[in-house]
Amino acid sequence: MELLIHHMSFVDLRSLILIGMVLSSIEFLGGDGGVGTIQQYKLIKANEQFGDVKDRIEVIDHKNHIFKYSVIEGGLVGLKLKSFVAEITLNSTREGGCLAKMKIEYESLEDSLLSEEEITRIKDGNLAIMKATEGYLLANPDAYA
């Protein structure tokens, strides 16, 4: 399941499966879906405090299940942050599940740290994408067979 969640969440997310679940739309602004791809997301109402978010894929490591992206516009960038980069690593668990680790790096506009609430919202948004992906895979086991 780990490999499928990695592939679906971070690679085939672009296939629009998550429209309506987490995102209201995705617009491709450049690239082929790999490193360097730039896309703009409109988030569903539950996440609209972040507005539209434009990001660039920095790393896709299929072997180690690592995905790294930078927000280049939107979200908290321009409001509270100069830059924002997130790295997500997926690892298998002994129980057959998947453990996601997320590392966030950012530079603030005024040398102030993000609040715990803001960090939680960022993590929750990424977790929602993975949970929606997992739900899709469980409901459609032949989708990536």
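**A walk through the sheet, its core and its charged pairs**

Start at the hairpin: β3 and β4 are joined with 4 residues between them, and in that turn His-65 takes a positive phi of about 55°. Keep in mind that this is a predicted model. The two strands of the hairpin run antiparallel and are held in register by 8 bridges. If you want a spot to look at, find Val-53, which sits opposite Gly-74 in β4.

Now step outwards on both sides. On one side, β2 pairs with β3, again antiparallel, through 5 bridges; Gln-39, for instance, has Asp-55 of β3 as its bridge partner. On the other side, β4 meets β5 in antiparallel fashion over 6 bridges, and here Tyr-69 is matched with Ala-86 in β5.

Put together, this gives an open sheet of 6 strands in the order β1-β2-β3-β4-β5-β6, with antiparallel pairing. Because β1 and β6 (98-108) are at the edges with a single partner strand each, one side of each has no neighbour in the sheet. On average, neighbouring strands are turned by 25° against each other, direction ignored. Packed on this sheet is α2, which touches β4, β5 and β6 and whose direction makes about 145° with that of β6.

What about the inside? The largest nonpolar core has 21 residues, and the members touching the most others are Tyr-69, Val-71, Leu-81, Phe-84 and Leu-114. At least two residues each come from β1 (23-30), β2 (38-43), β3 (52-61), β4 (66-74), β5 (81-92) and α2 (116-139). The top contributor is β5, with 5 residues. Which residues does Leu-114 contact, leaving aside neighbours within four places in sequence? They are Leu-76, Leu-81, Tyr-106, Ile-119 and Ile-122.

Finally, the charged pairs. Side chains of opposite charge can pair when their charged atoms come close. The model has 6 salt bridges. One of them joins Lys-82 to Glu-107 at 3.5 Å, N to O. That pair ties together distant parts of the chain, with Lys-82 in strand β5 and Glu-107 in strand β6, 25 residues apart. Lys-82 has a relative accessible area of 48%, so this residue is partly exposed, and Glu-107 lands in the partly exposed class too, at 41%.

Back in the sequence, Glu-58 and Arg-56 form a salt bridge at 2.9 Å, N to O. Glu-58 is partly exposed at 29% relative accessibility, and Arg-56 is partly exposed at 31%. Another salt bridge links Glu-105 with Lys-103 at 3.5 Å, N to O; Glu-105 is partly exposed at 40%, as is Lys-103 at 45%.

Definitions and conventions. Residues are numbered from 1 along each chain as its sequence is written. This is a predicted model: local features need pLDDT of at least 70, side-chain atom pairs count only at pLDDT 80 or more; totals for chains, interfaces and linings use all residues. Side-chain values use heavy atoms; hydrogens and water are left out. A nonpolar core is a set of buried Ala, Val, Leu, Ile, Met, Phe, Trp, Tyr and Cys residues joined through side-chain atoms within 4.5 Å. Buried means under 20% relative accessible area, exposed over 50%, partly exposed in between (1.4 Å probe, protein chains only). Contact means heavy atoms within 4.5 Å. Two strands pair if DSSP finds at least two bridges between them. Axes are lines fitted to C-alpha atoms, for helices over the stretch in contact, and angles run from 0 to 180 degrees between N-to-C directions. A salt bridge is a side-chain nitrogen of Lys or Arg within 4 Å of a carboxyl oxygen of Asp or Glu.
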